[in-house]
Amino acid sequence: MHAWPASEVPALPGKGRDLRIHDTATGGLVTLDPGPVARIYVCGITPYDATHMGHAATYNAFDLVQRVWLDTKRQVHYVQNVTDVDDPLLERAIRDGKDWVELAEGETALFREDMTALRLLPPQHYIGAVEAIPGIVPLVERLRDMGAAYELEGDVYFSVESDPHFGEVSGLDAAAMKLLSAERGGDPERPGKKDPLDPMLWMAAREGEPSWDGASLGRGRPGWHIECVAIALDHLGMGFDVQGGGSDLAFPHHEMGASHAQALTGEHPFAKAYVHAGMVGLDGAKMSKSKGNLVFVSKLRRDGTDPAAIRLALLANHYRSDWEWTGGVLTEAEERLGRWRAAVSRPDGPSADALVEEIREALADDLDSPAALAAVDRWAARQAAEGGTDEGAPGVVSRAVDALLGVAL
Ligand code: 5CA
Ligand code: ZN
């Protein structure tokens, strides 16, 4: 699949700091030490509804990871998937009397537009589940042939006990895992499974549902976790730097994905850090397509909201916190954008050298974007109150805000 156009990232003088970030698997902060090419996989959307503020917040967090890396003069190899066939997508297509392919293509196109408007950097590889099927089938066959997977009434399940590291990503106990598995696409109650937590790798063709040639597996479609594993292994290999997504993906999705990959390769770990963004809520509940309590990026854009203000609203919250979207969050962001634009539109101002370092330091410290915004606020306030004589300063601030925060002033 094609991704979306990249907005240019201005190079800044000097060099950024190495990123220290919270890793779910260790439960603490880790300083990442990527090679000259940092490798990141971020789970993409299931395209059955438009991009909401929760999605945008999560993708914003991983965009910051890349901007910090780029500022350390590394290249970034970024891979994202699109879950363009799965139960929720097929269910929504039936509910709305739509063709599932058209639904997926339409929502993916809208997602690309939203990402472009928000200036979120595109992945180099943007891969759909359907196009990944030829790579998924041999992985499932291999897991089965090595005894890490088994068949149940034509479906194929992964055996979680085949990975000695199973459980290390989320750190949850069996009871918590069982609960979350039932809530998030698993089927712990299905009779005949070796372990209630075992996730499906390949689902045999069902009447009235799309299916593909699965060679020795028979016709069917892939399970959710193996989709991301096949794409990540194909484009990044084992031991890549960051696996990213919202906190609702820590279990089962990232736990199972890590186990699939570790069982397949005998290597550990799948990713060096598992990074999870908090959940954005609306009216006291997690914003979700299934609940329908959504604020869409595309709707705000249609209503004339400046995408830079949407982006500032996301940045005003720390990526790991759970927060509520309100009209007030957006109004505050619009006011801030106005102040910043006024401050950089003057021909000179107070020196911005210290400011660039403050933004760098804030972001390198577990992506503390609220602290970065506060630093720019202080410079803008000084500019408004007393101005300055540094002719380069407004340009430096514009470029730093663009390069490090993705906001065009
Ligand atoms: N296609 C799978 C991943 S392979 C999926 O989870 N798709 S999704 O469309 O449901 O979510 C896309 C991303 O947005 C995931 O990282 C998910 O954790 C994140 N996300 C979903 N809802 C919210 C929310 N309310 N707040 C923050 N992030 C969210
Ligand atoms: Zn995924």
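How many cavities of 30 Å³ or more does the structure hold? In this predicted model, the number of such cavities is 4. The legends below treat the ligand site, the pocket, the largest cavity and selected backbone features.

**Figure 1. Residues around ligand 1 in the predicted model.** The shell around ligand 1 contains 24 residues, and those that come nearest are Thr58, Thr83, Asp248, Met287 and Lys289. By class, this shell comprises 9 nonpolar, 12 polar and 3 charged residues. At least two shell residues are supplied by each of helix α1 (53-71), helix α6 (224-235) and strand β10 (240-246). Helix α1 makes the greatest contribution to the shell around ligand 1, with 4 residues.

**Figure 2. Polar contacts of ligand 1 with Thr83, Asp248 and Val280.** Two of the contacts shown involve side chains. A polar atom in the side chain of Thr83 is placed 2.7 Å from a nitrogen atom of ligand 1, and a side-chain N or O atom of Asp248 lies 2.5 Å from an oxygen atom of the ligand. Val280 takes part through its backbone, with an N or O atom 2.8 Å from a nitrogen atom of ligand 1. On its own, ligand 1 has 600 Å² of accessible area, of which the protein covers 94%.

**Figure 3. The largest pocket, whose space is taken by ligand 1.** The volume of the largest pocket is about 1,200 Å³. Its lining consists of 47 residues, and those nearest the centre of the pocket are Thr46, Pro88, Arg184, Trp224 and Leu249. The lining divides into 17 nonpolar, 18 polar and 12 charged residues. The helices that each supply at least two lining residues are α1, α2 (87-95), α5 (174-183), α6 and α7. Strands β8 (200-204), β9 (220-222) and β10 likewise supply at least two residues each. Helix α1 gives the most to the lining of the largest pocket, with 4 residues.

**Figure 4. The largest cavity and its lining.** The largest cavity holds about 90 Å³ of space. Of the 14 residues that line this cavity, Ala57, Leu314, Asn317, His318 and Tyr319 lie nearest its centre. Helices α1 and α9 (307-315) each provide at least two residues of the lining, and α1 gives the most, with 3 residues. The lining has 8 nonpolar and 6 polar residues, and charged residues are absent from it.

**Figure 5. Cis peptide bonds that precede Pro252 and Pro269.** Most peptide bonds are trans. The bond from Phe251 to Pro252, however, is cis, with an omega near 0°. Pro252 belongs to helix α7, which spans residues 250-265. Another cis peptide bond joins His268 to Pro269, again with omega about 0°. Pro269 is located in the loop between α7 and β11 (271-277).

**Figure 6. Backbone conformation at Glu153.** Most residues other than glycine have a negative phi. Glu153, by contrast, has a positive phi, near 45°. This residue is situated in the loop that lies between strands β6 (149-152) and β7 (155-158).

Key
Residues numbered from 1 in each chain as written. Chains lettered and ligands numbered in written order. Predicted model: local features only at pLDDT ≥ 70, side-chain atom pairs only at ≥ 80, totals over all residues. Heavy atoms only, no water. Near = heavy atom within 4 Å. Polar contact = N/O pair within 3.5 Å; in protein donor to acceptor, adjacent residues only side chain to side chain. Areas by Shrake-Rupley, 256 points an atom, 1.4 Å probe, with all protein chains shown as cover. 1 Å grid on protein atoms, 1.4 Å probe; cavity = no way out; pocket = protein on both sides within 12 Å on 5 of 7 lines; lining within 4 Å. Sits in = over half its atoms within 2 Å of the grid points. Nonpolar A, V, L, I, M, F, W, Y, C, P; charged D, E, K, R; others polar. Points joined across faces, edges and corners; volume = space filled by probe spheres on them.
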